[in-house]
Amino acid sequence: MKVLAADGLGFAVPIDSVTKIIDHFKNRGRVIRPWLGLKMLDLNDMVVAQLQERDPSFPKVNKGVLVSMVTPGSPADRAGFHPSDVVVEFDGNPVGTIKEIIDIMGDNIGKQLNAVVKRVNDVTATLRVIPEEANPDM
């Protein structure tokens, strides 16, 4: 797609995304997205070092996904997620990016998924979260 008012500016949508959206419309009449109620941040060595410098009790991790916010009353809140948790495993798979979590979650709504998180002072917790449909009324 091209933006007419911006000379030379354009963007593309990956065909895998388009195919998935078309399948949703064919099978369900709408697009269905799972929702956990988390705001997350991919961690890298620099971010981890800064967080550990600011707070020595921050988990000693090499990679993972930082939970920066948990929506009250959300599936993640009910599962026991806390801000500053670092998700290191999701549904039995090691994770280092938000995209990996989204890919693992897929279109699973109502299916329990296990998340392993590292917490302050390197405490490990396994949480059981059941994704809900994002904005079912839209």
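## A walk through the chain, starting at Pro131

Select Pro131. Leaving out residues up to four places away in sequence, Pro131 touches Pro34, Trp35, Leu36, Met105, Asn108, Ile109, Gly110, Lys111 and Leu113. Keep in mind that this is a predicted model. Pro131 sits in the loop between β7 and β8, with β8 covering 132–133. Is Pro131 buried or exposed? It is buried, because its relative accessibility is 1% and the cut-off for buried is under 20%. Now add Pro94 to the selection. Pro94 is 37 residues from Pro131 along the chain, and their C-alpha atoms are 19 Å apart.

**Zoom out: the whole chain**

Show the whole chain as a cartoon. You should find four helices and eight strands. Trace them along the sequence and the order reads α-β-β-α-β-α-β-β-α-β-β-β. Along the principal axes, the C-alpha atoms fill a box of roughly 50 × 40 × 25 Å.

Switch on the surface. The chain exposes about 8800 Å², and carbon and sulfur atoms supply 55% of that area. Of the 138 residues, 30% count as buried. Colour by charge next. There are 16 positive and 18 negative side chains, and the centres of these two sets lie 3 Å apart.

Contacts are worth a look too. Take those between residues at least 6 apart in sequence: 54% of them join residues at least 24 apart.

**The largest nonpolar core**

Select Leu38, Phe81, Val87, Phe90 and Val129. These residues touch the most other members of the largest nonpolar core, which has 19 residues. Which elements give two or more residues to this core? They are β3 (65–70), α3 (75–79), β4 (86–90), α4 (98–105), β6 (113–119) and β7 (123–129).

Centre on Val129. Setting aside neighbours within four places in sequence, Val129 is in contact with Leu36, Pro75, Ala76, Ala79, Phe81, Phe90, Lys111, Gln112 and Leu113. Two of these partners, Phe81 and Phe90, are also on the list of core residues that touch the most other members.

Then select Leu51, Val61, Leu66 and Val86. These are among the eight residues of another core, which lies apart from the largest one.

**A buried charged pair: Asp85 and Arg119**

Move to Asp85, in the loop between α3 and β4. Asp85 is buried, because its relative accessible area is 1%, and buried means under 20%. Show side chains. A polar contact of 2.8 Å joins the side chains of Asp85 and Arg119. Beyond residues up to four places away, Asp85 touches Val65, Leu66, Val67, Gly80, Val117, Lys118, Arg119 and Leu127.

Step across to Arg119, in strand β6. Is Arg119 buried or exposed? It is buried: the relative accessible area is 18%, so it falls under the 20% cut-off. Arg119 touches Ser57, Pro59, Gly80, Phe81, His82, Asp85, Ala125 and Leu127, again not counting residues up to four places away in sequence.

**Between β6 and β7**

Select Asn121 and Asp122. Asn121 lies in the loop between β6 and β7, and so does Asp122. Check the backbone angles. Most residues other than glycine have a negative phi. Asn121 has a positive phi, near 60°. Asp122 has a positive phi of about 60° as well, although it is not a glycine. Asn121 is exposed, because its relative accessible area of 59% is over 50%. Asp122 is partly exposed, at 30% relative accessibility.

**Into strand β7: Thr124**

Go on to Thr124, which lies in strand β7. Thr124 is partly exposed, with a relative accessible area of 45%. Which side chain does the Thr124 side chain meet in a polar contact? It is that of Lys118, at 3.2 Å. Outside its neighbours within four places in sequence, Thr124 is in contact with Val116, Val117 and Lys118. Now pick out Val86. The C-alpha atoms of Thr124 and Val86 are separated by 9.5 Å, with their positions 38 residues apart along the chain.

**Last stop: Gly10**

Finish with Gly10, in the segment before α1 (15–28). Gly10 is partly exposed, with a relative accessible area of 44%. Draw a distance to Gly73. The two residues are 63 apart along the chain, and their C-alpha atoms are separated by 39 Å.

Notes. Residues are numbered from 1 along each chain as its sequence is written. This is a predicted model: local features need pLDDT of at least 70, side-chain atom pairs count only at pLDDT 80 or more; totals for chains, interfaces and linings use all residues. Side-chain values use heavy atoms; hydrogens and water are left out. Buried means under 20% relative accessible area, exposed over 50%, partly exposed in between (1.4 Å probe, protein chains only). Contact means heavy atoms within 4.5 Å. Accessible areas come from the Shrake-Rupley method with a 1.4 Å probe; for residues, only the protein chains shown count as cover. Lys and Arg count as positive and Asp and Glu as negative; His and the chain ends are not counted. The place of a charge is taken as NZ of Lys, CZ of Arg, CG of Asp or CD of Glu. A nonpolar core is a set of buried Ala, Val, Leu, Ile, Met, Phe, Trp, Tyr and Cys residues joined through side-chain atoms within 4.5 Å. A polar contact is a pair of N or O atoms within 3.5 Å; within protein, one must be able to donate a hydrogen and the other to accept it, and residues adjacent in sequence count only if both atoms are side-chain atoms.
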